[in-house]
Amino acid sequence: MKATLTPTLTLSLAMWRGFLREKMAIFFVLLFPLMFLVLFGGIFSDQGQSKGTLIEVGEVPMLAELSKPARTALEDAYEIEHSGDLAAALDQVQAGDVDGAVEQHGDEVVVHFSEADQVAAATLRGTISALVQGANVASTGEPPRYSLVSQQVEDESLQTIQYVTPGLLGWAIAMSATFGAAMTLVEWRRNKLLRRLRLAPISTGSLVSARILVSVGTALLQLVVFVGLATAAFGLKLTGAWPMAVPLLICGTLSFMAIGLLAGAVSKTSEGASGLANLVILPMAFLSGSFIPLDASPQWLQTVSRVLPLRYLNEGMLDVMVRGQGAAAALLPMLVLLGFALVIGVVATRLFRWEAD
C-alpha cells in the first residue's frame, strides 16, 4: 500500500506545483469564475417563465367567485392545480416545481411563494393582489371583504446569492476538472513525459490517482473560496444537509475529469483539447442552469438538459445548500455523476494513447 501511495503523492505534488506555476490556470480556475459570482451576486435578476403553475389548496371561494374575464386572465397566466394537502403543496413551492400555492381562511387569502425566482414571486403576488382588489371592488358599498397575506416559504433573509452560488460553483468545477485533465494529458504526451512515466516504475493507477487527487483538491479549494466570498460579501446562508456538497463535488469532479480525459485522448494539440473542452462545457453551462434558470426555456430544451451531468451537479447542490433538503437529495445526482464518469472514462481509456502519432 505504501509503495503505491508514495508515487501517487509524489506525482500529485508535482502536478500541484505545476498548476501553481501556471498563472493563467489559476486565473481561469479561481478568479474567472469568481468574477461571475461577484457580477451575478451584485446585479443578478431572475427570469420569469411565460406560464407558471399555481396550486389551489382546499376551497378558495375568492377564486371560485371571479368574473369570467378575471378567471380567463388567471388561467392564461397559470396552470391551476388542486390539492388538499398544504404541506405537500408547500414542498412543491420550495422545490421550485410550482410558482406558488394559495389558500383561504374566512375572508383572508394566503399566497405562498418562493424567492428562488424573484420575478415569478413578484408576478404571482401582483396577480393575486389584483384579483383580491378586484373582488373587493366588486363588493360595492361594503367594506373590503378579502385581505391578502403573502408568505415566503424560505427564511425571508435569503438573498439571490443563495441561488447563484451553486450553479456558478458547478460550472467552475466542471471547467477546472475538464481543462485540467485534457491539457495535462496533451502536454505530457507532447513533451514525451508520458513516455518516460510509462518506462518508469510507476503504475498507471498511480498516475490516474495523482490526477484525481489534484482535481479533487482544486475542487475543494474552489468550494471554500466560493462559499467564503459569497458568505462574507453577499450574505450567503447554507441550509439543509449542506456538507453533502463535498461528496457531490467529488463525484462531479470525477465526471468532468472523464470528459477532460476523453478530450485529451482524441486531441493532438493543446489548442485542439482546449477548443473541444470549451465546445462541451460552455454550452452545457447554459443548458444546465449555471447562468440562467431553466424554467423559462422550452420543454424540449429542459429534456435535453436532463442528460447533462452538470445539471445534476447544480440541482444536487441547490437542494442541499439552499432548498434545505436532507442528505438523500444528493444521492441520485451522485449516482448519475458516477455513472457518467464510468461510461465516459471507459471510452476515454479505449482511445488513450501514450505517445503522439
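**Questions on a predicted model**

Student: In which strand does H112 lie?

Tutor: This is a predicted model. The strand that holds H112 covers residues 108–113. That strand is β4.

Student: Is H112 buried or exposed?

Tutor: The relative accessible area of H112 is 5%. Buried means under 20%. So H112 is buried.

Student: How far apart are the C-alpha atoms of H112 and L124?

Tutor: Along the chain, H112 and L124 are 12 residues apart. In space, their C-alpha atoms are separated by 9.3 Å.

Student: How many helices and strands are there in the chain?

Tutor: Strand β4, where H112 lies, is one element. The strands number five in the chain. The helices number 14.

Student: What share of the residues in the chain is buried?

Tutor: The chain has 357 residues. A residue counts as buried under 20% relative accessible area. Buried residues make up 44%.

Student: What share of the contacts with a separation of 6 or more comes from residues 24 or more positions apart?

Tutor: Take the contacts in the chain with a separation of 6 or more. Residues 24 or more positions apart account for a share of 78%.

Student: Now E56. Which side chain of opposite charge is nearest to E56, and how far away is it?

Tutor: E56 lies in strand β1, residues 52–57. E56 is buried and has no salt bridge. A salt bridge needs the nitrogen and oxygen within 4 Å. The nearest side chain of opposite charge is R71, 4.4 Å away.

Student: Which residues is E56 in contact with, leaving aside neighbours within four places in sequence?

Tutor: R71 is on that list, although E56 has no salt bridge. The others are L63, I80, E81, H82, S83 and V102.

Student: Which residue meets R71 in a salt bridge?

Tutor: The partner lies with R71 in helix α4, residues 68–77. The two are four residues apart, about one turn of the helix. The N to O distance is 3.1 Å. The partner is E75.

Student: What is the relative accessible area of E75, and what is that of R71?

Tutor: Partly exposed lies between under 20% and over 50%. E75 is partly exposed, at 38%. R71 is also partly exposed, at 22%.

Student: How many salt bridges does a search of the whole structure find?

Tutor: One joins E75 and R71. Another joins R323 and E315, with the closest N and O atoms 3.3 Å apart. R323 also meets D319, at 3.0 Å, N to O. The search finds three.

Student: Which residues do salt bridges that share partners join into one network?

Tutor: R323 bridges to E315. R323 also bridges to D319. The network therefore holds E315, D319 and R323.

Student: Which of R323, D319 and E315 are buried, and which is partly exposed?

Tutor: R323 has 15% relative accessibility, so R323 counts as buried. D319 is buried as well. At 27% relative accessibility, the partly exposed residue is E315.

Student: What is the relative direction of helices α10 and α13?

Tutor: Helix α10 covers residues 245–266, and helix α13 covers residues 309–321. Their axes are 10 Å apart, at an angle of about 170°. Over 145 degrees counts as roughly antiparallel. So α10 and α13 are roughly antiparallel.

Student: How do the residues of the contact of α10 with α13 divide into nonpolar, polar and charged?

Tutor: From α10 come A245, L248, L249, G252, S255, F256 and I259. From α13 come P309, L310, L313, G316, M317, V320 and M321. The division is 11 nonpolar, three polar and no charged.

Student: Which residues does A341 touch, not counting residues up to four places away in sequence?

Tutor: A341 is found in helix α14, residues 331–351. At 15% relative accessibility, A341 counts as buried. Its C-alpha atom is separated by 8.9 Å from that of T253, 88 residues apart along the chain. A341 touches L254, S255 and A258.

Student: Which residues does A258 touch, not counting residues up to four places away in sequence?

Tutor: A258 lies in helix α10. A258 is buried, with a relative accessible area of 4%. The C-alpha atoms of A258 and V347 are separated by 8.9 Å, with the residues 89 apart along the chain. A258 touches A341, I344, G345 and A348.

Notes: Residues are numbered from 1 along each chain as its sequence is written. This is a predicted model: local features need pLDDT of at least 70, side-chain atom pairs count only at pLDDT 80 or more; totals for chains, interfaces and linings use all residues. Side-chain values use heavy atoms; hydrogens and water are left out. Buried means under 20% relative accessible area, exposed over 50%, partly exposed in between (1.4 Å probe, protein chains only). Lys and Arg count as positive and Asp and Glu as negative; His and the chain ends are not counted. Contact means heavy atoms within 4.5 Å. Axes are lines fitted to C-alpha atoms, for helices over the stretch in contact, and angles run from 0 to 180 degrees between N-to-C directions. Angles under 35 degrees count as roughly parallel, over 145 as roughly antiparallel, 65 to 115 as roughly perpendicular and the rest as oblique. Ala, Val, Leu, Ile, Met, Phe, Trp, Tyr, Cys and Pro count as nonpolar, Asp, Glu, Lys and Arg as charged, and the others, Gly among them, as polar.
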